[in-house]
Amino acid sequence: MAGKRNDNVAVIGAQWGDEGKGKIVDLLCDRFDVVARYQGGHNAGHTVRFWEKHYSLKLIPSGILHADKLCLLGNGMVIDPEALLEEIESLRSLGVKIDTNLKVSDSAHCILPYHKALDLAREEAAGAAKIGPTRRGIGPAYETKVSRYGIRIADLLDPDVLREKIEFACAEKNPVLQTVYGKTPFDARKLYDDYTRYGEVLAKRIINGPVLINGLIREGKRVMFEGAQGTLLDVDHGTYPFVTSSNTVVGGICTGLGVAPKHIDQVVGVAKAYTTRVGGGAFPTELHDATGDHLRKRGNEYGTVTGRPRRTGWLDLAVLRTAVMLNGIDAIALTKLDVLDDCEEIPVCTSYNVHGERWTTFPAFAVAHHDYKPEYKTRKGWKQPTVGITEFAKLPQTAKDYIRYIEDEIGCTITIISTGPRREETIQR
Ligand code: GDP
Ligand code: IMO
Ligand code: MG
């Protein structure tokens, strides 16, 4: 039987990542049978908290914390098998059940140590134009994929193919690492031994992802698609070149899992009540003052993966409108409202002045050339605690006004409001 409409939901970051996707996926999880990642790798860091428990998910979908959900790492991901095995062990040590509930698509690509080394070496050599990657080898691994010389998860199970591909890769990457960047080369034999071993351990999880997920959808099972990073980090639509190397937007689901668009029934965009960004690149509403420091401290804005302080700034409605447009967002989950509790005033970027023209979506090309000016409207703060509030009616009037103002400006309803990091600190409307 075909799944009913509104069965399958995508949860996608509407800004530059770290919007709180992990919390929202965890919150909505009960209604789903399957949680699938479609892009990215362990550059993601999704935090889930309930009561005093704290989990940090990188490669594994946040759904794994619910023992009855099937979790899938889709073909559009780049997977460091060592990082995956470490994450499995670390979650198990926290009491999380991981057995037949975790599957890996056979056509996902592998990250190898030379990818990581290249990511790092390029970053060191980049000077002022640093992208500030998470140094996990994500960009170089996607590069190899697109060049058609990548090593796929299925190759880990075929010793002859694996040996040949690793030898070919080392013959090409080692000279670049040595002569261009002055780095140590990799021993193909050692990589072969390590990756053969990873293949043996992962073998039972490796499946044909599209066949699995489409079969489940046909059976009427409900799927949640868990996005990583955010819309403005999309390789095509984000603030290029300061982006990640995958399609983070909704379209990435179709290619990254082999799921047709008609099976994506609803899209939830996750946005903070302000904005943050880690790494380099345009951030027009960034604050470089004590207010920015306050948001960082109060919001605990330090990267889950790298521990780097996140850059902080005001909400940008042009960013949100762009995310609504690119992803067909049906509803917004607004997180971290509580972080604004102490603010006297809350400026919001409503549009951009680009050569005298008013732009209401994000002017990616203009931002790259610095010829834009954000235009603000200042809202009143509520100066009262909202932490842990679970009913919309109990929010201060000014906070309600802030939420309704955002809805009106972006043309999308806010159905979830998060008032703290924990699962239970949430308003659902
Ligand atoms: P993700 O990458 O989108 O999953 O987001 P991260 O987990 O990297 O970053 C979001 C951070 O904000 C995490 O530390 C969450 O625990 C925390 N968080 C999520 N929602 C809220 C909220 O409503 N209020 C506060 N204060 N923290 C939140
Ligand atoms: P989640 O899923 C925030 C940023 C990096 C860097 C750029 C490229 O937790 O929201 P990469 O290592 O992907 O080549 O880095 O993208 N970045 C993220 N920023 N949240 C993330 O993931 C990110 N993943 C990558 O900081 O600027
Ligand atoms: Mg994160």
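Is Cys 412 buried or exposed in this predicted model? Cys 412 has a relative accessible area of 5%, under the 20% cut-off, and therefore counts as buried. The legends below begin with this residue.

**Figure 1. Cys 412 and its surroundings in the predicted model**. Cys 412 sits in the loop that connects helix 12 (397–410) with strand 18 (413–418). The view also includes Gly 269, which is 143 residues away from Cys 412 along the chain. The C-alpha atoms of Cys 412 and Gly 269 are 9.8 Å apart.

**Figure 2. Thr 335 and its contact with Glu 19**. Thr 335 belongs to strand 14, which spans residues 331–335. The relative accessibility of Thr 335 is 2%, so this residue is classed as buried. A polar atom of the Thr 335 side chain is 2.5 Å from the backbone oxygen of Glu 19.

**Figure 3. The surroundings of ligand 1**. There are 19 residues around ligand 1, and those that come nearest are Lys 21, Gly 45, Thr 47, Asp 338 and Ser 418. Polar contacts to oxygen atoms of ligand 1 involve both backbone and side-chain atoms, as three cases show. A polar backbone atom of Gly 20 is 2.8 Å from a ligand 1 oxygen. From the side chain of Thr 47, a polar atom lies 2.7 Å from an oxygen atom of ligand 1. For Arg 310, the distance from a side-chain N or O atom to an oxygen atom of ligand 1 is 3.2 Å. On its own, ligand 1 has 590 Å² of accessible area, and the protein covers 93% of that area.

**Figure 4. The surroundings of ligand 2**. Ligand 2 is surrounded by 20 residues, of which Asp 18, Lys 21, His 46, Thr 134 and Thr 244 are the closest. By class, this shell holds eight nonpolar, nine polar and three charged residues. Backbone atoms of Asp 18, Gly 45 and Gln 229 each lie within contact distance of a ligand 2 oxygen. The distance is 2.8 Å for a polar backbone atom of Asp 18 and 2.9 Å for a backbone N or O atom of Gly 45. At Gln 229, a polar backbone atom is 2.8 Å from an oxygen atom of ligand 2. The accessible area of ligand 2 on its own is 550 Å², and 97% of it is covered by the protein.

**Figure 5. The second largest pocket**. The volume of this pocket is about 550 Å³. Its lining consists of 26 residues, and Thr 47, Gly 299, Arg 310, Lys 336 and Pro 421 are the closest to the pocket centre. Helix 1 (21–28) and strand 3 (46–50) are the elements that contribute two or more residues to the lining. The lining comprises three nonpolar, 13 polar and 10 charged residues. Thr 47 and Arg 310, named here as lining residues, also appear in Figure 3, where Thr 47 and Arg 310 are shown with ligand 1.

**Figure 6. The largest cavity**. Rolling a probe the size of a water molecule over the atoms reveals where empty space remains. One cavity of 30 Å³ or more is counted in the model. The largest cavity encloses about 30 Å³ of space. Thr 144, Tyr 149, Phe 168, Ala 169, Glu 172 and Lys 173 form its lining. Helix 5 (residues 159–180) gives the most to this lining, with four residues. By class, the lining residues of the largest cavity are three nonpolar, one polar and two charged.

Terms used:
Residues are numbered from 1 along each chain as its sequence is written. Chains are lettered from A and ligands numbered from 1 in the order in which they are written. This is a predicted model: local features need pLDDT of at least 70, side-chain atom pairs count only at pLDDT 80 or more; totals for chains, interfaces and linings use all residues. Side-chain values use heavy atoms; hydrogens and water are left out. A residue is near a molecule or strand if one of its heavy atoms lies within 4 Å of it. A polar contact is a pair of N or O atoms within 3.5 Å; within protein, one must be able to donate a hydrogen and the other to accept it, and residues adjacent in sequence count only if both atoms are side-chain atoms. Accessible areas come from the Shrake-Rupley method with a 1.4 Å probe; for residues, only the protein chains shown count as cover. Ala, Val, Leu, Ile, Met, Phe, Trp, Tyr, Cys and Pro count as nonpolar, Asp, Glu, Lys and Arg as charged, and the others, Gly among them, as polar. On a 1 Å grid over the protein atoms alone, a cavity is a set of points where a 1.4 Å probe fits but cannot get out, and a pocket is an open set with protein on both sides within 12 Å along at least five of seven lines; lining residues have an atom within 4 Å of a point. Grid points are joined across faces, edges and corners, and a volume is the space filled by probe spheres set on the points. Buried means under 20% relative accessible area, exposed over 50%, partly exposed in between (1.4 Å probe, protein chains only).
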